[in-house]
Amino acid sequence: MLNTRKFKSLIYTVVYIAVLFTHSCSRDVSLFKMPKFTNTGIGEFEVISDDLYFGYVVDLFIYESYAIVVGYNEDCYLHIYNKNNGELLNSAIHKGRGTNELAANPKFVEFDSTTGTLIIPNISKGVKINCSIEGIVNNEPDAIYEEFSNLNNFVENCFSITENNTLYMYNYSPMKKDTANLCRFSIGNAQGDILSKYTEYPHPYEENTFLRWNFYNPGNYSLSYSPDKEKFAIGISRGAILETFSVSDNVITPLSVSHFIDPELNETSEEVNYVLGFLDLSATDKYVYAVFDGVNYVIGGSSFYDVGQNLVQFDWKGKPLQKINMGVRIEKIYVDDDTNTLYALIKSEDKECALAKYRMN
C-alpha cells in the first residue's frame, strides 16, 4: 500500500503531465512563420572606437555629435563618446548609494532627444537621475540632478509620452512569476492617476502565466519608441513576436502583431535550448529596426559570438523590408534618422566591445 506522501506525489505527477499534454495539443504552431524580407544582403560596420570594456550594457543613444552608452565600466554607468571618432568625452554616474549614484544596473533608461537629457530611474531611492549630456561633457556642476519619482519596484519599463503623462509596463505582484495581475501597458499622469490600460497579449497561450512572465520581464524583450512618441514597438527574444502600437489621446492602439517564432513553452528551469528572436530594437518615425537572430541557441553549446548578427528593418505595420547580415555580434543599436545612419555597440569573440556605424539604404 502506498503511503500518503508517495500517493500525493504520484497524483501531482499525473496531473502535471496531463496539463503539459493539454498545452501541447492546443498549441497552434502554424500561426508562426519566419519573416520573408523584401531585400537581403551582407553588410560591414565601420568601427569608430578602440576596444571598450563593459560588464553590462543597458542602452545606446545618439544625440548631436555624441554617442551615449549606458553600461557598467570603470565604476561608472554613463559614458559619452564622440560619435565620429569614438573618443571618450566624459563618464558619470558612479556606483554607490549617494546622491546621483546607482547601487546596481538600471533595468531601463529613457532619453529625451529634444532636450538632450538622459533619465535613469533609481527606483530603490524613489528618484530619477536627470543627466544633461551637453552639461556632463562640459563638466557643468548642475548637469546631473535627482528629482522625486513615483515609480515603484513593480515597474518594468516606462517612457514619457507627453510632458505630464507616462506609459508604463509593470506587475502588481512582488512575486515576479505571479502574472495574474500583470498589466502590459498603462498610461498615467503625474498625479498617479491611470488614464488607460492595454492588457492583451500577442501569443495564443494567454492562460499560461509562466509564459507571460518569461517573455515580459526586462531581460526577455526589447522596447523602442518613435522620436515623436506616437508609436512604440516591442520584440520578444526567446521566440520571436513583434508588436507595434500607436499612442494618441492617451489611448494605446495595436497596429500590428507578427508571429515569427513559437515562444519557449517549457515550464522548467532546466531548459537551455531555445530560439533567439529580437535582441534589440531602435525605432524611427517611419521604421522599426532590430537585431534579429532566428536561430537555435544552446546555452553552453552555441557560440555566443555567432548569434545576433542580423540587422533587420520593418515598417510600422510589421511588414519585413530588409535583412542584412553584418558578420559580427551586435549588442545595441540606435538609428540616427537625420543621417540615416545606424550606430551599434558590437562585440568581438574576445568579449571586447566597440562603437560602429553603418549607412542604411
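**Overall architecture, nonpolar cores and a pocket of the chain**

The chain contains three helices and 27 strands, as assigned in what is a predicted model. Of its 361 residues, 53% count as buried, and the accessible surface of the chain comes to about 17,600 Å², with carbon and sulfur atoms accounting for 49% of that area. Among the contacts in the chain with a separation of 6 or more, 48% are made by residues that stand 24 or more positions apart.

The largest nonpolar core comprises 36 residues, and within this core the residues with the most contacts are L78, I93, L118 and L355. Strand β3, which spans residues 56-63, gives the most to this core, contributing six residues. When residues up to four places away in sequence are not counted, L118 touches F61, V70 and L78, together with V109, E110 and F111 and, further along the chain, I129, N130, C131 and I133. A second core, separate from the one described above, is formed by 20 residues, including I333, V335, A344 and A356.

A further position examined in detail is I346, which lies in strand β26, a run covering residues 341-347. I346 counts as buried because its relative accessibility is 8%, whereas the cut-off for burial is under 20%. With residues up to four places away in sequence again left out, I346 touches F45 and V47, the stretch of V328, R329, I330 and E331, and also E352, C353, A354 and A356. One of these residues, A356, is also included in the second core of 20 residues. The contact of I346 with F45 joins positions that are 301 residues apart along the chain, the C-alpha atoms of the two residues being separated by 9.1 Å.

Turning to the pockets, the second largest pocket holds about 250 Å³ of space and is lined by 14 residues. Of these lining residues, N150, N152, Y168, Y170 and I194 lie nearest the centre of the pocket. Two strands, β12 (166-171) and β13 (182-188), each supply at least two residues of the lining. In terms of residue class, the lining of the second largest pocket divides into seven nonpolar residues, six polar residues and one charged residue.

Definitions and conventions:
Residues numbered from 1 in each chain as written. Predicted model: local features only at pLDDT ≥ 70, side-chain atom pairs only at ≥ 80, totals over all residues. Heavy atoms only, no water. 1 Å grid on protein atoms, 1.4 Å probe; cavity = no way out; pocket = protein on both sides within 12 Å on 5 of 7 lines; lining within 4 Å. Points joined across faces, edges and corners; volume = space filled by probe spheres on them. Helix = DSSP H or I, 4+ residues; strand = E, 2+ residues; numbered from the N terminus. Nonpolar A, V, L, I, M, F, W, Y, C, P; charged D, E, K, R; others polar. Core = buried A, V, L, I, M, F, W, Y, C linked by side-chain atoms within 4.5 Å. Buried < 20%, exposed > 50% of the residue type's maximum accessible area, 1.4 Å probe, protein only. Contact = heavy atoms within 4.5 Å. Areas by Shrake-Rupley, 256 points an atom, 1.4 Å probe, with all protein chains shown as cover.
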